[in-house]
Amino acid sequence: MSSPTGPASGLPVRMPRPRQPGRHRRPEPLAAPEGAPALVLAVPGTPGAATRSLAEEVVSIARSELPGLDALIGYLDGDGAEFPSVQSVLARAADERTARYEQALAAGVEAKEPDGPVAIVAPLLAGPDGALLRRVRQAVMDSRVAAELTDVLGPHPLLAEALHVRLSEAGLARADRARLFTVATAADGIILAAVGGEEAVQAAGITGMLLAARLAVPVMAAALDEEGSIASVAEQLRSAGSQQLALAPYLIGPEIEAELVERAAKEADCPVAEALGAYPAIGKLALAKYTTALGIAPQQPQGAPVR
């Protein structure tokens, strides 16, 4: 039985952990500032249950990294309550901010009038896609809400890590090249499939170099939305000596029809890994774009070291 001064004798007493002194102490956990703008994840592609599940997982990861974060999901092709459009999500965020301010005044609470952006909009895109980014920008303008638009999530070492994991899950790469075992189906050449034309291919190539360093095999980027690009890169890799190719989609998933990826794999005559999906790095990178735009950026997420 416990006493007024603590647990009964014999029971363990949990003492607070002392704060670690010096420059190696752990940083205090970051939290979203009071009244901070919402993070709005702009999701491309046709809305559906799978897309919603992916987007919800991404914002869940972001919230877990920044307590107090107001994270919302808007769809480029959204319509209605089930899949709200980017415009309607931004308008609702603006209305809710105004309502909170007016409620505070009505309650006699001294409150600062809201200023600055209502939301920070982060496109759910691994690389630049001019057509989709123009649509996101237009959606923000059409909302008539003060909002900032961030850049896409890549290139970044964490995306190279995510691609490595997806390839290893498909049996197309070793999870750790330092381990003394082989994977019979491991690819000796990777086609990094991006969408967005030449600009997207160049950006994907940067992440591709990081992936090549991890796998110690050649990696070349190609455009899914340019006819002949995948086949051309496959031929270049085979001419350079690669015999077992693999296609790695440099995509989160919703931005392109899955059939196009499958068609590209047939065109290159090679197996294909899953898209990046809701890999934890995606949520962390979306949050990093938000905190950087807000000026509260913690230490940038780092990629895992090459093994």
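## Ala216 and the loop after helix 5

Ala216 lies in the loop that links helix 5 to strand 6. In this predicted model, the phi angle of Ala216 is near 60 degrees, a positive value in a residue other than glycine. Most residues other than glycine have a negative phi. Ala216 has a relative accessibility of 56% and therefore counts as exposed, the cut-off for that class being over 50%.

## The sheet flanking this loop

Strand 6 belongs to an open sheet of three strands, ordered 6-5-7 with parallel pairing. Strand 6 (219-223) and strand 7 (245-249) are the edge strands; each has a single partner strand, so one side of each is left without a neighbour in the sheet. On average, neighbouring strands of this sheet are turned by 30 degrees against each other, direction ignored.

Strand 5 (residues 189-194) runs parallel to strand 6 and is joined to it by five bridges. Ala193 has Ala222 of strand 6 as its bridge partner. Helix 5 (residues 197-215) lies across strand 5 and strand 6, and runs at about 160 degrees to strand 6.

## Further backbone features

A second positive phi is found at Asp269, near 55 degrees, again in a residue other than glycine. Asp269 sits in the loop between helix 7 (258-268) and helix 8 (280-294). With 64% relative accessibility, Asp269 counts as exposed.

Gly154 and Pro155 are joined by a cis peptide bond, with omega about 0 degrees. Most peptide bonds are trans. Pro155 is located in the loop between strand 4 (147-149) and helix 4 (157-169).

Terms used. Residues are numbered from 1 along each chain as its sequence is written. This is a predicted model: local features need pLDDT of at least 70, side-chain atom pairs count only at pLDDT 80 or more; totals for chains, interfaces and linings use all residues. Side-chain values use heavy atoms; hydrogens and water are left out. Two strands pair if DSSP finds at least two bridges between them. Helices (H or I, at least four residues) and strands (E, at least two) are DSSP runs, numbered from the N terminus. Axes are lines fitted to C-alpha atoms, for helices over the stretch in contact, and angles run from 0 to 180 degrees between N-to-C directions. Contact means heavy atoms within 4.5 Å. Buried means under 20% relative accessible area, exposed over 50%, partly exposed in between (1.4 Å probe, protein chains only).
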